[in-house]
Amino acid sequence: MGVIASNIANAATPGYKARDIDFNAALDARLARARGVMSANTRAGMVWRSPTMPSMDGNTVELSREQVAFAENAVAYSATLSFVQGKVNTITRALKGE
């Protein structure tokens, strides 16, 4: 969500390159760190997004695309929180003997 917010915040910055995250590469790097394998690349998984229609000032942020991604991410985050809250409530009720 932070990467999307950064892209939206820099939508009017000349020369700004929109970023994205390659989830598989980021997960592999995180798992490697968990196993104790140190990686020289601390920004593993970070990729540059290719624009459909680049602007004349070199900015590659497409605001409508970023807004859709932000909305999708917010809905998924909210749904995940609701799911986790339901699980915690179920466990709490079970512990109380309800």
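Of the 98 residues in this protein, 16% count as buried. The model is a predicted one, and the average pLDDT for the protein is 89. A score of at least 70 is reached by 94% of the residues. Confidence also varies from element to element: helix α3, covering residues 63-96, has the highest mean pLDDT at 95, while helix α2, covering residues 23-34, has the lowest at 86.

Now for the overall layout. Three helices and two strands make up the secondary structure, and they come in the order α-β-α-β-α along the sequence. The radius of gyration is 19 Å, well over the 13 Å that the globule rule gives for 98 residues, so the protein is more spread out than a compact globule. The C-alpha trace spans about 65 × 35 × 20 Å along its principal axes.

Contacts tell another part of the story. Taking contacts between residues at least 6 apart in sequence, 68% of them join residues at least 24 apart. As for the surface, the protein exposes about 7,300 Å², and 61% of that comes from carbon and sulfur atoms. On the charge side, there are 11 positive and 8 negative side chains. The centres of these two sets lie 9 Å apart.

Zooming in, a good place to begin is the loop between β2 (46-48) and α3, where Asn59 sits. Asn59 has a relative accessibility of 3%, so it counts as buried, the cut-off being under 20%. Which residues does Asn59 touch, not counting those up to four places away in sequence? The list is Asn10, Ala11, Ala12, Thr13, Gly15, Tyr16 and Pro54. Glu62 is also placed in the loop between β2 and α3. With a relative accessibility of 15%, Glu62 counts as buried too. Leaving out residues up to four places away in sequence, Glu62 touches Pro51, Thr52 and Met53.

Helix α1, which runs over residues 2-9, holds Ala5, and Ser6 is found in helix α1 as well. Are these two buried or partly exposed? Ala5 has a relative accessible area of 34%, which makes it partly exposed, whereas Ser6 is buried at 18%. Once neighbours within four places in sequence are set aside, Ser6 is in contact with Tyr16 and Arg19. Tyr16 also turns up among the residues that Asn59 touches, so to speak a shared partner of Ser6 and Asn59.

A few C-alpha distances help to give a feel for scale. Ser6 and Ser55 are 49 residues apart in sequence, and their C-alpha atoms are 18 Å apart in space. For Ala5 and Ala79, the separation is 74 residues along the sequence and 20 Å from C-alpha to C-alpha. Helix α3 contains Val84, a residue that is partly exposed with a relative accessible area of 41%. Between the C-alpha atoms of Val84 and Phe70 there are 21 Å, with the two residues 14 apart along the chain.

Key: Residues are numbered from 1 along each chain as its sequence is written. This is a predicted model: local features need pLDDT of at least 70, side-chain atom pairs count only at pLDDT 80 or more; totals for chains, interfaces and linings use all residues. Side-chain values use heavy atoms; hydrogens and water are left out. pLDDT is the predictor's confidence in each residue, from 0 to 100. Helices (H or I, at least four residues) and strands (E, at least two) are DSSP runs, numbered from the N terminus. The radius of gyration is taken over C-alpha atoms; the globule rule is 2.2 Å times the number of residues to the power 0.38. Buried means under 20% relative accessible area, exposed over 50%, partly exposed in between (1.4 Å probe, protein chains only). Contact means heavy atoms within 4.5 Å. Accessible areas come from the Shrake-Rupley method with a 1.4 Å probe; for residues, only the protein chains shown count as cover. Lys and Arg count as positive and Asp and Glu as negative; His and the chain ends are not counted. The place of a charge is taken as NZ of Lys, CZ of Arg, CG of Asp or CD of Glu.
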